[in-house]
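Here is a short report on one protein model. It goes from overall composition to single residues.

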Amino acid sequence: MPNIKIFSGSSHRELSHKIADRLGMELGKVVTKKFSNQETCVEIGESVRGEDVYIVQSGCGEINDNLMELLIMINACKIASASRVTAVIPCFPYARQDKKDKVGSRAPISAKLVANMLSVSGADHIITMDLHASQIQGFFDIPVDNLYAEPAVLKWIKENIAEWKTCTIVSPDAGGAKRVTSIADRLNVDFALIHKERKRANEVDRMVLVGDVTDRVAILVDDMADTCGTICHAADKLISAGATKVYAILTHGIFSGPAISRINNACFEAVVVTNTIPQEEKMKTCPKIQVRGHSTVLGYRSGVTALSLDTG
């Protein structure tokens, strides 16, 4: 695979190594460090002149530091005469700040700001996974590939849930209705959704179940879970509505704040996530978390570099 180089940021080196191993390549040499005043310094340790460069950096951990590191790495490669720089961002940072919720709101649209920063830094192409809102692709004037975890979700359900043919796929909010209906159609099963009302960010006030889960296995599907208040309340609602078991399948397991204790105390059989965010430390304290791994594969066809998702 000539003319391709892959560099890893600090956020998720394990995933970067898996990508490189799958391709039979070595990760490029890069040194990232901080000065005493906490400024980020990046040194690319090999020539990238005329190369097709991929930089893997997920929006997790120290999000602001990792985002700045990604921007500096992109710019470092660009001014070192890289032919093309692609930012591989499995979990896109600030994706939930994608619109103004109310008329007259003074809230920022931070996802648009991040898009502008990536473009200005020199990125030629963005590859990400399960954007919180697909419209974020429109914030960019450069190509964006938004990959989906749906094939991996379908495979996990069929391999791990014996009663999947009579299960109900449930969205924990109205915004995820399109996602769950697609999965339910592929499995030929019923779907339901939960309407939630929030008092404020990360705090759910009331939930209403729309659909029937009586004497069925309920599978909650969402793109991400942060403090897990929504999915834990949803699980309680499903059990009280007659569900026999509840599973949660998420693309991005952020799990901040009280998330781990909430999952441990909730009625989930399992909480399944992909490896867009490192989960090793959290799995030590929460046995319900399972990681459904996927490998990101860079294919080189007809002189055009493309990325596809291997769901095996």
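The report below covers the overall fold, a helix pair, a hairpin and a few single residues.

**Overall picture**

The model is predicted. The protein has 312 residues, and 51% of them count as buried. Its secondary structure comprises eight helices and 16 strands. Contacts reach far along the chain: among those between residues at least 6 apart in sequence, 59% join residues at least 24 apart. The exposed surface comes to about 14,700 Å². Carbon and sulfur atoms supply 50% of that area.

**The α2/α3 pair**

Helix α2 spans residues 63-79, and helix α3 spans residues 110-121. Their axes lie 8 Å apart and make an angle of about 25 degrees. Angles under 35 degrees count as roughly parallel, so α2 and α3 are roughly parallel to each other. On the α2 side, the contact is made by L67, L70, L71, I74, N75 and K78. On the α3 side, V114, M117, L118 and S121 take part. What is the make-up of this contact of α2 with α3 in nonpolar, polar and charged residues? Seven are nonpolar, two are polar and one is charged.

**M73 in helix α2**

Helix α2 also holds M73. Is M73 buried or exposed? Its relative accessibility is 0%, so M73 counts as buried. Leaving aside residues up to four places away in sequence, M73 touches F7, S8, G9, V30, V42 and I55. Two of these names lead to the hairpin described next: V30 falls within β2 (residues 30-34), and V42 within β3 (residues 40-44). I44 belongs to the residue range of β3 as well. M73 and I44 are 29 residues apart in sequence, yet their C-alpha atoms are 7.8 Å apart in space.

**The β2/β3 hairpin**

Strands β2 and β3 run antiparallel and are joined by five bridges. In one pairing, K33 has C41 of β3 as its bridge partner. The two strands form a hairpin with five residues between them. Q38 sits in the turn and has a positive phi of about 75 degrees.

**Positive phi values**

Most residues other than glycine have a negative phi. Q38 departs from that pattern with its positive value. S81 and D130 are further cases, and neither is a glycine. The table sets these two side by side.

| Residue | Phi | Loop | Relative accessibility |
|---|---|---|---|
| S81 | about 75 degrees | between α2 and β5 | 32%, partly exposed |
| D130 | about 45 degrees | between β6 (125-129) and β7 (144-147) | 8%, buried |

The cut-off for buried is under 20% relative accessible area. At 8%, D130 therefore counts as buried. S81, at 32%, counts as partly exposed.

**D98, a buried loop residue**

Where is D98 placed? D98 lies in the loop between β5 (84-89) and α3. Its relative accessibility is 13%, so D98 counts as buried. Which residues does D98 touch, not counting those up to four places away in sequence? They are I109, A111, A133, I136 and F139. One of them, A111, falls within the residue range of α3 (residues 110-121).

Methods: Residues are numbered from 1 along each chain as its sequence is written. This is a predicted model: local features need pLDDT of at least 70, side-chain atom pairs count only at pLDDT 80 or more; totals for chains, interfaces and linings use all residues. Side-chain values use heavy atoms; hydrogens and water are left out. Axes are lines fitted to C-alpha atoms, for helices over the stretch in contact, and angles run from 0 to 180 degrees between N-to-C directions. Helices (H or I, at least four residues) and strands (E, at least two) are DSSP runs, numbered from the N terminus. Angles under 35 degrees count as roughly parallel, over 145 as roughly antiparallel, 65 to 115 as roughly perpendicular and the rest as oblique. Contact means heavy atoms within 4.5 Å. Ala, Val, Leu, Ile, Met, Phe, Trp, Tyr, Cys and Pro count as nonpolar, Asp, Glu, Lys and Arg as charged, and the others, Gly among them, as polar. Buried means under 20% relative accessible area, exposed over 50%, partly exposed in between (1.4 Å probe, protein chains only). Accessible areas come from the Shrake-Rupley method with a 1.4 Å probe; for residues, only the protein chains shown count as cover. Two strands pair if DSSP finds at least two bridges between them.
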